[in-house]
Structure formats: structure tokens, C-alpha cells
Amino acid sequence: MPISNPERYTVTAALIYANGPIHIGHLAGCYVPADIYVRYLRSSGKEVAFISGTDEHGVPITIRAKKEGLTPQQVVDKYYEQIDTSFKSLGISFDVYSRTSKPIHHETSREIFRDLYDKKVFIEETTEQYYDETAQQFLADRYIVGTCPVCANPNAYGDQCERCGSTLSPLELKDPRSTLSGAKPVLKATKNWYLPLDKMQPDIEAYVNGHSEWKTNVFGQCQSWLKDGLKPRAMTRDLDWGIKVPVEDTDGKVLYVWFEAPIGYISATKDWLIQKNGSDEGWKKWWQPAKDISEGQTKLVHFIGKDNIVFHCIIFPAMLMAEGNYILADNVPANEFMNLEGDKISTSRNWAVWLHEYLEELPDKQDVLRYVLTANAPETKDSEFTWKDFQTRNNSELVGIYGNFINRAVVLTQKFCEGKVPQRGELQEIDRNALEELAKFPGKIADSMENYRFREALALIMDLARTGNKYLADTQPWHVIKTDPERVNTILNIALQISASLSIVSEPVLPFTAAKIQEQLGLSGKTWQDAGNADLLTPGQPVLEGKLLFEKIEDSVIEKQVQKLHDAKRLNELEGKTVLPVKPEIQYDDFSKMDIRIATILEAENVPKSKKLLKLLIDIGSEQRTVLSGISEHFKAEEVIGKKVLYLANLAPRKMMGMESHGMILMAEDRDGSLAFVQPGKDVWNGGTVN
Ligand SMILES: [Zn+2]
């Protein structure tokens, strides 16, 4: 059962591996919704701890280190800085952004492990694991590649085949090899400690089934794990990067990263208090059940992406249940994935919009990104980010609706009311209706926020801006001013009161914009409870003309971003391509048999039903010839007409698609597979020979 009236909230956002920068998929999946939720809670006067940090252990860190030629410590230091800075710049308002490499985290994780160990929760098991004798170490799943038993992909990883998506174990791979040394790994016995999830299944089931209010994607994924039957899972690993196992004679073993990473939320809470107060005193109220009722209940909410559901809904709660002193997550509002321009976001393929680059290339547009990622959030199913959509939402929604309303209210006040909030006179029906409508919005938006429906909340916020626009359009103060200035005072008072409320309810999504509006209106210290009130602004109070809240984004800006993605794709395709070796030696006589001539393309047309062929008519000086050339995927018919080319004139005729081709046009192939014509350096006559 969900907690209905908590005293306080512990809100966590996923601990991301410190092995690369943040992209829009991370933001849409977890960080932006978490920040909206927390800002809403704070505005409503709730006590909140907003906790996150970087995950600095685990194999992905060591793999990155190897790739960049750095030590794991250098890798996490580098990316922690970058991630922390870019989150701050986007206005993600963590109370603490900690790191799992901090001593407080090592200590907390070891304590919890040792406690479970002493309570004999773990099963000790000796298994055979792959060991690389050359590198002298046990191999994590990601360090083993081999042939996928399902699809025969020769480069499947020990935990997963990226071609067919099958989940694998290293022992299932055919012809396994170590990515460290290339050697064939051998099986070697090793002892590890397992969490007996199979035995704990009834308790976990009771917990999950008590939360049928969870999002269907989350609840459904949990049910599918439970239906398959939970299996014991090793909580220690043979690896040298991580938190040492707090048990005697366990050299070379560390805590499983998914054992200690979620504990990072707890240790980050302690870290926050230490940074703030010099000691971690008081951390328990955020994580443990109230001992006496006056302390009240704490509601724990984990924001994560869908790939982390099992760890937050099953494994971490199982650990905490076994420990016995902790509250369990009340909700885990995981999002699905956001795709980019028709393709999955991929770090390794550099198919992403990187936050640190966005902030640099589109300065002062933090709220535009927050807006677009929320309007299009993958809350119930995968969604897609395109730059075209980004531009449209900015230009027609933020500029056209939201910005337009606030700007009109402020500018008209400058013009007609000496830049001060005017006094309301007698109200007409249209005024009363507008104020009544205004009063309903904060409650409706709050309901969406509390149920993690941030898209819906944002749609309502935009409806409030539309209400304001409609009110101005219907009351037409710019006409009324000629006949009835008193009436204009009433209209603009109401428009400004709507603007004030709009700034409060949109602050969770658009914090930078809300701050600008509040500065213009001289509004400060107002909370969610004040929103909807028709008297937020006092008559006579100055209204400042500010800069425009949003500006139109031109096509050229968007085209540049799209081009950047295509460049990344191209570079990516080039990676690993090498120059072909030279063919076996020939004699001059072999070469001289070829009659290569200069020719000009006179006509070109597509060959019906052929994807590749263009039918060309060429002038070779002495005559005209028809050539079928496999270039139509690279060139349009009209763009090759008039081209001077090199032509192999004495190649035996070939039949293709029912037509005869005479000779061959010579083409050069570039590294990315694109083709180029080979042409003489000056305008040589048709029929000229090439020797
Ligand atoms: Zn496969």
C-alpha cells in the first residue's frame, strides 16, 4: 500500500556510472522527472532529501579506463566533475551529488554486507568461473567474448549478445576468449556469497504485490521476474576495482556493484549531512521507519530508467528486508527509453545529444530542453527526440503560447499602466470565469505531479498559459484603452495575477523561466499553496520589462545539430575501416590490355525496378555507347549528365536487367563507401587515352 501522508520524502535519482558524459536519454529517463517532482514537493512545503551521485565501481569503469589509457580512479575523477557540473547547469537541484568512491560509502556498504553476513543471510558457494591465466585474473562477464549460442554472432559478451539481445552466461558462449589477453580462459574454482532471492521470493512478492499502483511498465517487469522464479545472485565478485569484501581471506574480491551501488543512496544521505552539519547525525529519519509516531513516516521514491527496475524493485528491497532496519521504496516511477532521430541512443556509437555540448552550443536554453524532454517524456512507452520537434515545440509552444502571454501582460502594463500592477475595478463575467479557472489549475497540476504524470502536468501548465492568452484575446485591452482605461486596469491586473500563478506552477519544469518572471513581477517567497490566488500581486507594485523569455530557434541552428549527428554516424562507420592490401603483382602487358578512355556522359536515366543501376549514354569521341553503371544509390541521374569520366572501353559487353552494357565507368570508393568519379585534371577531349 502506498503511503498517503508522509512527513517527509527521500527522493533518489539513479547513480550513473562515472564512465561517460550525460545525454538526453538519461535526462528524460530519470533526472528531469525526478527534479520536477522534488521541486514540486519543495514548493508544496514538504521536507525532501534529493539524493544522487556517481557509481564509481564495476566493470564499465575498468573497461573505460582501459580504452582511454587511464587508471579507473582517473576515469571516475574526470567524469564525476563533468557530470556534476552539467547537472548543476541544467538546474537539477540535488541536495547532494555524492560518489561511491567516498570513504563514507565504503564504510556503509561494508557494514551492511557484514551485518547480512553475520546474520547468515548469504549462501557461500564455490563455483567454476572463467580465469585468464595470462592476465592472472578472473574474468567479469564483460571481459569474455565468444560465439552466441542463439544467433552465432562471433562477438557476443559473457552476459549478453548485442546482436540478438539474448541474456547469456559466460559458460554458454562457444569458443570463449578473454578480451584482456585474447587467451582462451580456463575454469577455476572460486568462492562467493549469494543472496538467496529464491528463498526470499514470498516476501518480495508480498512487497511488490502491495504496490499495484506502480506504473504498469514497472509492475509488469517485476511480475515477469517473479513468475520466472528468482535465483540466488552473487553479491561478491572476483575483481580488483571496488569495495573490498569485509570478510577474512577474501583478497581479490569486491562487493558486487549492484549490491553496493544502491547503498550509495544511503551513504550519499550521510555525506550530505556531513557536508552540511559536520556529522551524519539525523540520517536515519530519511531511511528508517519512525520509532515513535511523532517522527512520522518517510516516503522513499526511486527515479530510474527501465533497465534498472529489477535492482530497485527486487534486489535492493530484498537486501534491506534482510537487514531489517530500513524502509522500502514506496514507488519506483521508472521511465522507458527515449530514442533519437529514429535510432536508439548509443554512447559507444556517439548517437546522442550530450548535455555538456548542448549547454555550450545552445546557451541559456536549459528550460527549452527541460520542456521538450518533459513534453515528450517516455513515461509509458519509448519516445523519440528529434531536432525538428525541439524547434517546433520551442517556436510554437514556448515562444508562441507561454512567452507570448507573459510578454503581452508585461508590455501592456508598461504601456497602459505606467509599469505598475493596476487596481482591479468591478468584475465582469469573463473576469470571474478566468479567475475561477485559474483557481482550479494548481490542484489539478498537483494531482498529476503526485502521480508521476509529468507530461500531463506540463500539458495543464500550458493550458493555463492558453487560458491567459485567450483572456487577453477576448478582452482586447489594446482596443478598450481608447474608450475605457479603468476597464484595462482590471484586465491587466487579472492577466498579471495569472502570470504570477503560472510562474509558480511552472517552476518545477521551467525553473530558470519562473525565476525571470518572478523578478519581473517582484514576486518572491510564494509557495504552491499561493498559486491560483487572485491577489498574489499588490496594486502599485512595479512590473519590470525583462528580456524575452524565449527566442525563436532558426532552421540553421537545428540543421547544424542534425549535421553533427550525421557526422558522428559517418565517423562511426569509418572506425575500424582500413586500407585494403595491394593486389598481387601484374606485368605491364596485363595493364596495357586495358583500353581506358576519356568520355562524357550525355544522358542518364534510372533503370526501372533496379535500385542500383543508372543507364548512361556516353560520348567516347568516335561513337556513343550505352553503359549500365551501379551508382544510382550515390548519384541522381540529373547530376551526372555532363560529367567527364574515365571509361574502360574494351570490357566485354554484359547483360543486366535485360539490357546490354558496353564497357565500364571507373569510380573511386571513399572510406565511408561513398563513390566519386575519376576525372582528368584538365578538359581532355573525348576519346583521349589513359596510359
Ligand atoms: Zn546472439
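A quick definition before the points: here, two residues are in contact when heavy atoms of theirs lie within 4.5 Å. Also keep in mind that this is a predicted model.

1. **R487 and its surroundings.** Start with R487, which you'll find in helix α16, residues 485–506. Leave aside the neighbours within four places in sequence, and R487 is in contact with E426, Q428, I430, D431, Y471, T475 and V480. Is R487 buried or exposed? Its relative accessibility is 10%, so it counts as buried, given that the cut-off for buried is under 20%.

2. **The zinc site.** Which residues hold the zinc ion? The sulfur (SG) atoms of C148, C151, C161 and C164 coordinate it, at 2.2 to 2.3 Å. Along the chain, these donors follow the spacing C-x2-C-x9-C-x2-C. Take C151 and C164 as a pair: they are 13 residues apart and link distant parts of the chain. C151 is in the loop between β7 (144–147) and β8 (156–157), while C164 belongs to the loop between β8 and β9 (174–178).

3. **Why call it tetrahedral?** The angles subtended by the four donor atoms around the zinc ion run from 105 to 114°, and that is why the arrangement is tetrahedral. For background, the ideal angle for four tetrahedral donors is 109.5 degrees.

4. **How covered are the zinc cysteines?** Look at three of the donors one by one. C148 has 1% relative accessibility, so it counts as buried. C151 comes in at 24%, which means partly exposed. C164 is at 34% and therefore counts as partly exposed too.

5. **Cysteines without a disulfide.** How many disulfides does the structure hold? Zero. C222 makes a nice example to check by eye: its closest cysteine sulfur is in C313, 3.9 Å away, and that is too far for a bond. For reference, the cut-off for a disulfide is 2.5 Å between the sulfur atoms. C222 has a relative accessibility of 1%, so it counts as buried.

6. **A four-stranded open sheet.** Now find the strands in the order β6-β5-β10-β11, which form an open sheet with antiparallel pairing. Which strands stand at the edges? They are β6 (137–138) and β11 (233–234); each has a single partner strand, so one side of each lacks a neighbour in the sheet. Inside the sheet, β5 (residues 123–132) and β10 (residues 186–195) run antiparallel and are joined by nine bridges. One to look up is T127, whose bridge partner in β10 is T190.

7. **Helix α1 has a bend.** Follow α1 through residues 24–43 and you'll see a bend of about 40° at Y31, with a proline, P33, following within four residues. The helix is mostly covered, with 18 of its 20 residues buried. Just past the end of α1, G45 takes a positive phi of about 85°.

8. **Strand β20, covered on both faces.** β20 spans residues 644–648, and five of its five residues are buried. K644, L646 and L648 are on one side, V645 and Y647 on the other, and both faces are covered. β20 pairs with β17 (residues 596–606) in the antiparallel sense, over five bridges; there, T600 has K644 as its bridge partner. β20 also pairs with β23 (residues 664–665), again antiparallel, over two bridges. In that pairing, L648 stands opposite M664.

Technical notes: Residues are numbered from 1 along each chain as its sequence is written. This is a predicted model: local features need pLDDT of at least 70, side-chain atom pairs count only at pLDDT 80 or more; totals for chains, interfaces and linings use all residues. Side-chain values use heavy atoms; hydrogens and water are left out. Donors are N, O and S atoms within 2.8 Å of the metal (3.2 Å for Na, K and Ca); water is not among the atoms, so sites may look incomplete. Four donors count as tetrahedral if all angles lie between 85 and 135 degrees; four count as square planar and six as octahedral if opposite donors are over 155 degrees apart and all others between 65 and 115; anything else is irregular. Buried means under 20% relative accessible area, exposed over 50%, partly exposed in between (1.4 Å probe, protein chains only). Two strands pair if DSSP finds at least two bridges between them. The bend at a residue is the angle between axes fitted to the seven residues ending there and the seven starting there.
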